[in-house]
Amino acid sequence: MPPSPSTRRWEIDALRGLMLVLMTLTHLPTRLTSPAGQPFGYVSAAEGFVLLSAYMAGMVYGRLAWKKSIAEMEKAYLRRALKVYWCQAATLLFLFTVIAFFGLKVDQPAVKDLMSFYLQNPGTALAAGLLLVYEPPLLDILPLYVLFMLASPWVLAAALRHGWGPVMGVSVALWVLAQFGLGEWIYDATDAVVGMPVPFHETGSFATYGWQFLWMLGLWMGASRNDPQAPPFTFPHWTLVVATFVVAIGFTWRHVVGQAPFEGNSQLNLLFDKWTLAPMRLINLFGLMVIAIRFGPALVRRMPRLPWLETMGAASLPVFCAHLVVVLLVLTFFGSNPLVHPWWMDAVLLVACFGTLYLVARVSLWLDKPPGEEVPRRAANATGAGASSR
């Protein structure tokens, strides 16, 4: 029998809100940028955000397939992908117009570097950007989201018919090939046939075939929660011991050595590479996942609710886009070096930034609320189906 509707998981919203806060602190040029980068080890907020987003997508759209049909689930995914695409297109146009105008006006090197390809080839960059081929720095996460959302209905449909084993097997194989340059091989093959107007290094920092594994993992974890007979995620004792050891080593190493685990050794650093989702980074992430799943429920029962984090996590898409707009504006008018302005200016920037993001979240939830309903004070008041719009 299909699962019954479940209420929204406030702890998941709070975690997504935390990931948004960490990403904003990392991208916003203040003195907190470096300390806030990879605070839990050699894992960034981007991994957590993608995994949690995939988990919610699997849970919400998988429930839709259970309750209605695969066709309805596919339509819902397409609507969501289009919404994310329009957010990406709007942010891209903001970069190419407002940021380009003021960045050139004040002769801001940070902005010129950010959009160097566009400044050299504006027409090509605009067309390729709208086609999700050209992806400037900071604007290369949402295109991943669009592609993964478009692929997800076919993946979920295949998993419902044949199980998750073949799906995850293919995903792991693609991740392995990504470590050896699968994306560049495909780019070179495409370039040889049709000619690529955009250089490979301008097509986004994230290796799509590597990061798809994280999305598929989250999708499976979320979709599996819709089966009434699905066992809970449990781990043997030895796994917890290993995970604790891995997390402790990663956390200590990161904060003693720095964000580059092997200073001056680029080959060894590739084992922790963020952009390809390299093996050691994945091991660190798995350790954090095991600990979070094992001890998270007990922690949730004891910790106080954080409504402002829940609100930001519930409105994650508009908040993410707003954070990009704020960061681009700060880069334009203040530059990328936080040391050239005093501490009090950092404080003002941070207060203004997070105040803006919270306001965007509240307004977004108010605009999306069903007619006749009040905006929920906490994300737990929203239904699970409402999570699909975030």
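**Two pockets, a helix crossing and a pair of cysteines**

The lining of the largest pocket is made up of 34 nonpolar residues, six polar ones and four charged ones. Keep in mind as you look around that this is a predicted model. The volume of that largest pocket comes to about 1,400 Å³. If you want to find the middle of it, go to Ile-12, Leu-15, Leu-52, Ala-292 and Ile-293, which are the closest to the centre among the 44 lining residues. Which helices build the wall? At least two lining residues each come from α1 (10–27), α3 (45–67) and α14 (279–302). The biggest giver is α14, which puts eleven residues into the lining of this pocket.

Now move over to the second largest pocket, which holds about 1,100 Å³ of space. Here 42 residues form the lining, and the ones closest to the centre are Gly-183, Phe-206, Ala-207, Thr-208 and Tyr-209. Two or more lining residues come from each of α8 (142–162), α9 (164–178), α10 (182–194) and α11 (208–224). As for chemistry, this second lining splits into 27 nonpolar, twelve polar and three charged residues.

Ala-207 turns up again if you follow the contacts of Thr-276. This threonine sits in the loop between α13 (266–269) and α14. Leaving aside residues up to four places away in sequence, Thr-276 touches Trp-175, Ala-178, Gln-179, Ala-207, Gly-210 and Trp-211. Take Gln-179 from that list: it is 97 residues away from Thr-276 along the chain, yet their C-alpha atoms are 6.3 Å apart.

Next, have a look at helix α15 (residues 307–314) against helix α17 (residues 343–368). Their axes lie 9 Å apart, and the two helices pack at an angle of about 65°. The crossing of α15 and α17 is left-handed. On the α15 side the contact uses Trp-308, Thr-311, Met-312 and Ala-314, while α17 brings in Leu-357, Tyr-358, Ala-361, Arg-362 and Leu-365. Sort the residues of this α15–α17 contact by type and you get seven nonpolar, one polar and one charged.

Last stop: the cysteines. A disulfide is a covalent bond between the sulfur atoms of two cysteines. How many disulfides does the model have? The count comes to zero, going by a cut-off that asks for two cysteine sulfur atoms within 2.5 Å. Why is Cys-87 not bonded? Its closest cysteine sulfur belongs to Cys-321 and is 4.1 Å away, so the gap is too far for a bond. Start from the other end and the answer matches: Cys-321 is in no disulfide, and its nearest cysteine sulfur is that of Cys-87, at 4.1 Å.

Key. Residues numbered from 1 in each chain as written. Predicted model: local features only at pLDDT ≥ 70, side-chain atom pairs only at ≥ 80, totals over all residues. Heavy atoms only, no water. 1 Å grid on protein atoms, 1.4 Å probe; cavity = no way out; pocket = protein on both sides within 12 Å on 5 of 7 lines; lining within 4 Å. Points joined across faces, edges and corners; volume = space filled by probe spheres on them. Helix = DSSP H or I, 4+ residues; strand = E, 2+ residues; numbered from the N terminus. Nonpolar A, V, L, I, M, F, W, Y, C, P; charged D, E, K, R; others polar. Axes fitted to C-alpha atoms, helices over the stretch in contact; angles between N-to-C directions. Left-handed = near helix turned anticlockwise from the far one by under 90°. Contact = heavy atoms within 4.5 Å.
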